[in-house]
Amino acid sequence: MPVPDPPVAAPPVTPPAAPVRTPFGPASGLDPSIAARLRRGADGLVAAVVRQHDSGEVLMVAWMDDEALHRTLTTGRATYWSRSRREYWVKGATSGHHQYVRSVSLDCDGDALLVSVDQVGPACHTGNRSCFADHLPVSGRLDPVPGRLDPVPGRSDDQGERR
């Protein structure tokens, strides 16, 4: 009886590189050159400071991962990551208080975004226009004089910051 030939081993297959994953979901469509500039926290998130585009009024702070930023940039609708619900949310999808994105800027360190929006209705879940309606007293405020150096905390020299 003939002896069968030993099986020929197939050459090893190199799997394709794994896609970059967001901390909470599948790979993001965020432009890699933008993703490379982000400095995320340990949870993979970046703070997003949201302001009214024409007045500069600060409305709220939320969190974005790469996918939320991608969705925001490509749809023009502010999309965030909810840390409590662990899901994406489009501002206004349930409340009707939409945020139409006018611009997004990355800060100098890459760890915060400034999202300028056209806010429809209140931005805060409490019904306030802004989440920053609870003002705290400041008793040590200094009124800067134009052209003078502002003191830098912790420095004893006169090399403050020029206004």
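Here are legends for a set of close-up views of this predicted model.

**View 1. The whole chain, for orientation.**
Before zooming in, it helps to have the parts list: the chain holds two helices and ten strands. Starting at the N terminus, the elements come in the order β-β-α-β-β-α-β-β-β-β-β-β. Of its 163 residues, 28% count as buried. Looking at contacts between residues at least 6 apart in sequence, 41% of them join residues at least 24 apart.

**View 2. The open four-stranded sheet.**
Reading across this sheet, the strands line up as S4-S3-S8-S7, and the pairing is mixed. S4 and S7 (99–106) sit at the edges with a single partner strand each, so one side of each has no neighbour in the sheet. On average, neighbouring strands are turned by 25 degrees against each other, ignoring direction. Strands in a sheet pair through backbone hydrogen bonds, and they can do that parallel or antiparallel.

**View 3. The S7–S8 pair, with helix H2 alongside.**
S7 and S8 (residues 112–119) run antiparallel and are joined by seven bridges. To find your place in the pair, look for Leu-106, which stands opposite Leu-113 in S8. Helix H2 (residues 66–75) packs on the sheet here, touching S4, S7 and S8. The direction of H2 makes about 120 degrees with that of S7.

**View 4. The S5–S6 hairpin.**
S5 and S6 are an antiparallel pair held over four bridges. One of the pairings puts Ser-82 across from its bridge partner Glu-87 in S6. Four residues lie between the two strands, and in this hairpin Arg-86 takes a positive phi near 55 degrees. Side chains in a regular strand alternate between the two faces of the sheet. In S5 both faces are covered: Thr-79 and Trp-81 are buried on one side, and Tyr-80 and Ser-82 are buried on the other.

**View 5. The largest pocket.**
This pocket encloses about 520 Å³ of space. There are 22 lining residues, and the closest to the centre are Met-60, Arg-85, Trp-89, Lys-91 and His-125. Strands S4 (58–64), S5 (79–82) and S6 (87–90) are the elements that give two or more residues to the lining. S4 gives the most, with four residues. As for the chemistry of the wall, the lining splits into twelve nonpolar, seven polar and three charged residues. Two of these strands are familiar from the hairpin view, where S5 and S6 pair in the antiparallel sense, while S4 turned up earlier as an edge strand of the open sheet.

Conventions:
Residues numbered from 1 in each chain as written. Predicted model: local features only at pLDDT ≥ 70, side-chain atom pairs only at ≥ 80, totals over all residues. Heavy atoms only, no water. 1 Å grid on protein atoms, 1.4 Å probe; cavity = no way out; pocket = protein on both sides within 12 Å on 5 of 7 lines; lining within 4 Å. Points joined across faces, edges and corners; volume = space filled by probe spheres on them. Nonpolar A, V, L, I, M, F, W, Y, C, P; charged D, E, K, R; others polar. Pairing = 2+ DSSP bridges. Axes fitted to C-alpha atoms, helices over the stretch in contact; angles between N-to-C directions. Contact = heavy atoms within 4.5 Å. Buried < 20%, exposed > 50% of the residue type's maximum accessible area, 1.4 Å probe, protein only.
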